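I opened this notebook to record what I looked up in the structure. The entries follow the order in which I took up each topic.

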Protein chains: 2
Amino acid sequence: MKELREAIKTYGRGLGNDVVKVDMFLNHRIDTALLYRMGEEFAARFKEDRPTVILTVEASGIAMAVAAAHALGDLPVVFAKKGATVVQSPDVAQAKVYSFTHKRENIIRVDKRYLPIGSRVLIIDDFLADGQACQGMMALCAQLSCKVAGIGIAIEKGFMPGGKNLRAMGVHLESLAIVTGIEDGKILLADDD
Amino acid sequence: MKELREAIKTYGRGLGNDVVKVDMFLNHRIDTALLYRMGEEFAARFKEDRPTVILTVEASGIAMAVAAAHALGDLPVVFAKKGATVVQSPDVAQAKVYSFTHKRENIIRVDKRYLPIGSRVLIIDDFLADGQACQGMMALCAQLSCKVAGIGIAIEKGFMPGGKNLRAMGVHLESLAIVTGIEDGKILLADDD
């Protein structure tokens, strides 16, 4: 998506050889106009997969999820909660997620009532790196007998294995921008997405 | 706001004498149509305060903040990050917040660049109880020489002192629903807001 690639080029910062900082428009400050354009783009790319609910993880996926949900006719959004510990409850589905960014394991959980059996779930997240967060959300969907209708990502780190693994599983994955590498603080992007 | 009051009556659950659970449509699952109606309502109530940026705290304020920002002509949104520890950085403004819900102290912080001097800040949050989160965000605004244009809250606990204290300070505070008490699990609401 051209506008997102341009925002990354203009405002993104590359740190080391794998960190992409987009605090200026996505992860701390949100460029609302760009956010809603991204929501429309997700809607266009996933409309034919007929999602009935959007699933994301707190916190930075929430803004994009509600923008996409709005563009898809006000679908409900469920955001998985993140915690360090397992919650013992028959009402809750949970999965382990190793955070590449924070180098620690989290538990993500959802109240089972909010992803009813047979839901067609569109998973939305800001970043895709090694794919742990997506795999965790897919595990929640599997536990709850929901179908993953697709996965929409803002920024995929193309040099990490997450995207390749998900595509190999046959999931409909769409990334609005793909980072191919970082060189001397400069973020390199694929020409298209 | 009538639609919000009706959602609270239908789906909200009262626990003990002070906990209001609205997981079904606001805090875990989001009713997107209601969310955007709330965003429009905030926009109508704060338009004349001419906000230039919306400030909230992760995670559950983010959805409402972007809905309100969209209705106000795509204002930028900044979400303060929450953490247990003070971050030592000249680029960061921070304030202490005691969480009534979780019975612990958090630090909230924003990157100074994202609230430029002179910004007119509309603070948005899901709940107002003792007002600690709002006071923390107001402290960030004061540190950064920004003006608090107003405070928009989804659900105010009218039996807690936060709203009264903020109104006494002369802040333009708008709560879309006011809970007056909880009796035997039933949430009691003020007739108007």
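The entries below concern a predicted model.

**Entry 1: the interface of the two chains**

I began with the contact between chain B and chain A. I found 33 residues of chain B in contact with 34 residues of chain A. The area buried between chain B and chain A comes to about 2,600 Å², and carbon and sulfur atoms give 63% of that area. On the side of chain B, I noted that B:His28, B:Phe79 and B:Tyr114 lose the most area to chain A; together they make up 25% of what that side buries.

I then asked which elements of chain B give two or more residues to the side that touches chain A. The elements are helix 2, strand 3 (29-30), helix 3, helix 4 (62-71), strand 5 (77-83) and strand 7 (104-111) of chain B. Helix 4 of chain B gives the most, with 6 residues. By class, I recorded 20 nonpolar, 4 polar and 9 charged residues on the side of chain B that touches chain A.

I next looked up the polar side of the interface. The count of salt bridges between chain B and chain A is 0. The rule for polar contacts finds 15 residue pairs across the interface of chain B and chain A, with both residues at pLDDT 80 or more.

**Entry 2: A:Ala67**

I turned to a single residue of chain A. A:Ala67 lies in helix 4 (residues 62-71) of chain A. Is A:Ala67 buried or exposed? I entered A:Ala67 as buried, because its relative accessibility is 1% and the cut-off for buried is under 20%.

Leaving out residues up to four places away in sequence, I listed what A:Ala67 touches: A:Leu35, A:Tyr36 and A:Gly39 in chain A, and B:Tyr36 in chain B. I also looked up one distance: A:Ala67 and A:Gly131, 64 residues apart in sequence, are 22 Å apart in space from C-alpha to C-alpha.

**Entry 3: helix 1 of chain B**

I asked which residues of helix 1 (residues 2-11) of chain B are buried. They are B:Leu4, B:Arg5, B:Ala7 and B:Ile8. I placed these residues on the same side of helix 1 of chain B, because they cover an arc of only 160° around the axis. They pack against helix 2 (23-27), helix 3 (32-46), strand 9 (147-157), strand 10 (173-183) and strand 11 (186-189) of chain B. On the face of helix 1 of chain B turned away from the buried side, I found the exposed residues B:Lys2, B:Lys9 and B:Thr10.

**Entry 4: backbone geometry**

I checked the peptide bonds and looked up two that are listed as cis. In chain A, the bond from A:Glu58 to A:Ala59 is cis, with omega near -5°. A:Ala59 has its place in the loop between strand 4 (53-57) and helix 4 of chain A. In chain B, a cis peptide bond joins B:Glu58 and B:Ala59, with omega about -5°, and B:Ala59 lies in the loop between strand 4 (53-57) and helix 4 of chain B.

I then took up phi. A:Ser145 is not a glycine, yet its phi is positive, about 55°. The residue lies in the loop between helix 5 (132-143) and strand 9 (147-157) of chain A. I entered A:Ser145 as partly exposed because its relative accessibility is 45%.

For chain B, I noted a positive phi near 55° at B:Ser145, in the loop between helix 5 (132-143) and strand 9 of chain B. At 45% relative accessibility, B:Ser145 also went down as partly exposed.

Technical notes. Residues numbered from 1 in each chain as written. Chains lettered and ligands numbered in written order. Predicted model: local features only at pLDDT ≥ 70, side-chain atom pairs only at ≥ 80, totals over all residues. Heavy atoms only, no water. Helix = DSSP H or I, 4+ residues; strand = E, 2+ residues; numbered from the N terminus. Buried < 20%, exposed > 50% of the residue type's maximum accessible area, 1.4 Å probe, protein only. Contact = heavy atoms within 4.5 Å. Arc of directions from axis to C-beta. Buried area = accessible area lost by both parts, 1.4 Å probe. Salt bridge = Lys/Arg side-chain N within 4 Å of Asp/Glu carboxyl O. Polar contact = N/O pair within 3.5 Å; in protein donor to acceptor, adjacent residues only side chain to side chain. Nonpolar A, V, L, I, M, F, W, Y, C, P; charged D, E, K, R; others polar.
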